[in-house]
Amino acid sequence: MKDTQIPESEQSKELFAYFGLAVYYCQALEQQLTNLLLLTKLSQGKTPTEADLADLYQRKLSNSLGQLIKEIQHHFPFSEEETVQLQAVWKQRNHIVHDYFKERIQETFTPAGRAHMIRELKRFKNKARRLEIKLQGYCTEMYTKLGLEEEDLM
């Protein structure tokens, strides 16, 4: 049986760091979707009290990325391109979190395989980060429009 020990090389550490960054930016995206959903509901008068808002916030924090994307699409006017980007990040995030290393384990044992995986994870991280920044901009616009400070919601 082949040895399945992953070498403790700098490249292995970099691979796992980029995996962590990919997951981190997906969670940051989830947070921005939660914020945007709450702000949208506030702007529509759908959260009458501060207690209702706090309760909704806590419930939404436990939603998955897919649940948040499906819900926000009913409340926020994303462009077709943004909708496609959200769907693509969601699909790729699920693959990375649930199947990436299971399918690619053999590549982790070679420098070329790890380098390829690092490039892939970097591209995904950058895509998720750009989308998160775009959503952060929408949230900032809504905070301003509603006359709120960002700390009011968190």
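Visitor: Is Arg104 buried or exposed, and what is its relative accessible area?

Guide: The model is a predicted one. Buried residues are those under 20% relative accessible area. Arg104 falls within that class, so the residue is buried, with a relative accessible area of 11%.

Visitor: With which residue does the side chain of Arg104 meet in a salt bridge?

Guide: Side chains of opposite charge can pair when their charged atoms come close. For Arg104, the N to O distance in the salt bridge is 2.5 Å. The partner counts as partly exposed, at 25% relative accessibility. That partner is Glu107.

Visitor: How many salt bridges does the structure hold?

Guide: A salt bridge requires a side-chain nitrogen of Lys or Arg within 4 Å of a carboxyl oxygen of Asp or Glu. The pair of Arg104 and Glu107, at 2.5 Å, is one of these. The count for the structure is eight.

Visitor: Which residues are linked with Lys41 in a network of salt bridges?

Guide: Lys41 meets Glu71 in a salt bridge, at 3.4 Å from N to O. This pair links distant parts of the chain, with Lys41 in helix α1 and Glu71 in helix α3, 30 residues apart. Glu71 also forms a salt bridge with Lys60, where the closest N and O atoms are 2.6 Å apart. The residues in the network with Lys41 are therefore Lys60 and Glu71.

Visitor: Which helices hold Lys60 and Glu71, and how many residues apart in sequence are the parts that the pair ties together?

Guide: Lys60 belongs to helix α2, residues 50–61, and Glu71 to helix α3. Lys60 counts as buried at 9% relative accessibility, and Glu71 counts as buried at 17%. Because the two residues sit in separate helices, the pair ties together parts of the chain whose separation in sequence is eleven residues.

Visitor: Which residues have the most contacts inside the largest nonpolar core?

Guide: The largest nonpolar core has 33 residues. Two or more residues come from each of α1, α3 (65–72), α4, α5 and α6 (111–146). The largest share, eleven residues, comes from α6. The residues with the most contacts inside the core are Leu33, Leu36, Phe78 and Leu135.

Visitor: With which residues is Leu33 in contact, leaving aside its neighbours within four places in sequence?

Guide: Leu33 is among the residues with the most contacts inside the largest core. Contact here requires heavy atoms within 4.5 Å. Apart from neighbours within four places in sequence, the partners of Leu33 are Leu65, Leu68, Ile69, Ile72, Leu86 and Leu135.

Visitor: With which residues is Thr40 in contact, leaving aside its neighbours within four places in sequence?

Guide: Thr40 has its place in helix α1. At 3% relative accessibility, Thr40 counts as buried. Setting aside neighbours within four places in sequence, its contacts are Ile72, His75, Phe76 and Met142.

Visitor: Are the rings of Phe16 and Phe101 stacked, edge-to-face or tilted?

Guide: The structure holds seven aromatic pairs, and the centres of the Phe16 and Phe101 rings lie 5.6 Å apart. Planes under 30 degrees apart count as stacked and those over 60 as edge-to-face. The planes of Phe16 and Phe101 are at 40°, so the pair is tilted.

Visitor: Which residues do ring pairs link into a cluster with Phe16?

Guide: Phe16 is partly exposed, with a relative accessible area of 37%. Phe16 lies in helix α1 (residues 10–43) and Phe101 in helix α5 (residues 100–104), so their pair ties together parts that are 85 residues apart in sequence. The cluster that ring pairs form with Phe16 contains Phe19, Tyr100 and Phe101.

Visitor: Why is there no bond between the sulfur atoms of Cys139 and Cys26?

Guide: A disulfide is a covalent bond between the sulfur atoms of two cysteines. Both residues count as buried, Cys26 at 3% relative accessibility and Cys139 at 2%. A disulfide requires the sulfur atoms to be within 2.5 Å. The Cys139 sulfur is too far for a bond with its closest cysteine sulfur, that of Cys26, because the distance is 17 Å.

Visitor: How far apart are the end C-alpha atoms of residues 114–141?

Guide: According to UniProt, in an unreviewed entry, these residues carry the feature "coiled-coil region". In the model the span is 100% helix and 0% strand. The distance between its end C-alpha atoms is 40 Å.

Note on methods:
Residues numbered from 1 in each chain as written. Predicted model: local features only at pLDDT ≥ 70, side-chain atom pairs only at ≥ 80, totals over all residues. Heavy atoms only, no water. UniProt positions renumbered as here; feature names shortened; annotations may be inferred. Helix = DSSP H or I, 4+ residues; strand = E, 2+ residues; numbered from the N terminus. Phe/Tyr/Trp six-rings, centres within 6.5 Å; stacked < 30°, edge-to-face > 60°. Buried < 20%, exposed > 50% of the residue type's maximum accessible area, 1.4 Å probe, protein only. Core = buried A, V, L, I, M, F, W, Y, C linked by side-chain atoms within 4.5 Å.
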